[in-house]
Structures are given as structure tokens and as C-alpha cells.
Amino acid sequence: MTEREYFASVGQRPGMFVGKTSFHVLTAFLIGYDQHALRHGGHGLTGWHDWLVARRGRDCSHAWPGQVLHIALPDSWDDIWNLPPEDEQNAIKVLFELLDEFTAEREAAQGAQFSD
């Protein structure tokens, strides 16, 4: 299973992976995934923050979860811990859409590297 396929499966059934489905808990899960992958020689989420900044078109002081929220909720958000239910659902949906785009681009770039 590729990382893209793995993230898609998490996005389809997040409660199966994290219990209570919330944006905060899912980002914590993904940070743990990233650290484990890096520790064991994988790519993890290397380049994810920079990709989000480029996708958004600007940077700020937020780590990648905040960058995702800026994209998902461009009209603002106040508290990552207390998102209204509709904002929470949208943020989770956008998180996994962005992860899919990111991993698809990374897979294509890695494929191009190997075909040279």
C-alpha cells in the first residue's frame, strides 16, 4: 500500500484509526505517522509544510495544521480545539484532499526520477 492509498483509507474511515474523529486528533495522528516514518527511513510528510505554503500562496507562523485550516477555512478560525462541527468536517475533508494532492505530486516526481 502506498502512502497515498494509506492516507485515503484513513480519510475514508478516520474513526477506525483515531477513535474520536476531530481535526486536532487526526493531525496528531499524522504527526506521529510522520515521525515514525522518518525514524524508519521513510519520507513521512517531508515537504508537506512547504507544499501547503506554496498551495496557499503565503506563509504565517502556524505549523502545517494551521496552514490546512487557513486553506479549509479562509474566512478565519479562532481555536483549533473548538471548531464548530461544520468547520471541523470541512477541515477534515480538505485535509485529506490536500494530502491526496501532495502525495500524488510526490509519487509523480519520484516516478519521473526513476525514469530518467
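**Helix packing and a buried arginine**

Right after H4 comes Gly-57, with a positive phi near 90 degrees. This is a predicted model, so everything here is read off computed coordinates. H4 itself covers residues 48–56, and its buried residues are Trp-48, Trp-51, Leu-52, Val-53 and Arg-56. Arg-56 thus sits in the buried set alongside two tryptophans, Trp-48 and Trp-51.

Now for the packing of H1 on H3. Two packed helices are described by the angle between their axes and the distance between the axes. For H1 (residues 3–12) and H3 (residues 23–39), the axes come within 13 Å, with a crossing angle of roughly 155 degrees. Since angles over 145 degrees count as roughly antiparallel, that makes H1 roughly antiparallel to H3. The crossing of H1 past H3 is right-handed.

As for who touches whom, H1 brings Glu-3, Tyr-6, Phe-7 and Val-10 to the contact, while H3 answers with Leu-26, Phe-29, Leu-30 and Tyr-33. Sorted by class, that H1–H3 contact comes out as seven nonpolar residues and one charged residue, with no polar ones.

Glu-3 turns up again further along the chain, in the surroundings of Arg-106. Arg-106 belongs to helix H6, which spans residues 85–115. Its relative accessibility is 15%, and because buried means under 20%, Arg-106 counts as buried. Setting aside neighbours within four places in sequence, the contacts of Arg-106 are Glu-3, His-43, Gly-44, Leu-45 and Thr-46. Glu-3 is therefore listed both in the H1 side of the H1–H3 contact and among the contacts of the buried Arg-106.

Technical notes:
Residues numbered from 1 in each chain as written. Predicted model: local features only at pLDDT ≥ 70, side-chain atom pairs only at ≥ 80, totals over all residues. Heavy atoms only, no water. Axes fitted to C-alpha atoms, helices over the stretch in contact; angles between N-to-C directions. Helix = DSSP H or I, 4+ residues; strand = E, 2+ residues; numbered from the N terminus. Parallel < 35°, antiparallel > 145°, perpendicular 65-115°, else oblique. Left-handed = near helix turned anticlockwise from the far one by under 90°. Contact = heavy atoms within 4.5 Å. Nonpolar A, V, L, I, M, F, W, Y, C, P; charged D, E, K, R; others polar. Buried < 20%, exposed > 50% of the residue type's maximum accessible area, 1.4 Å probe, protein only.
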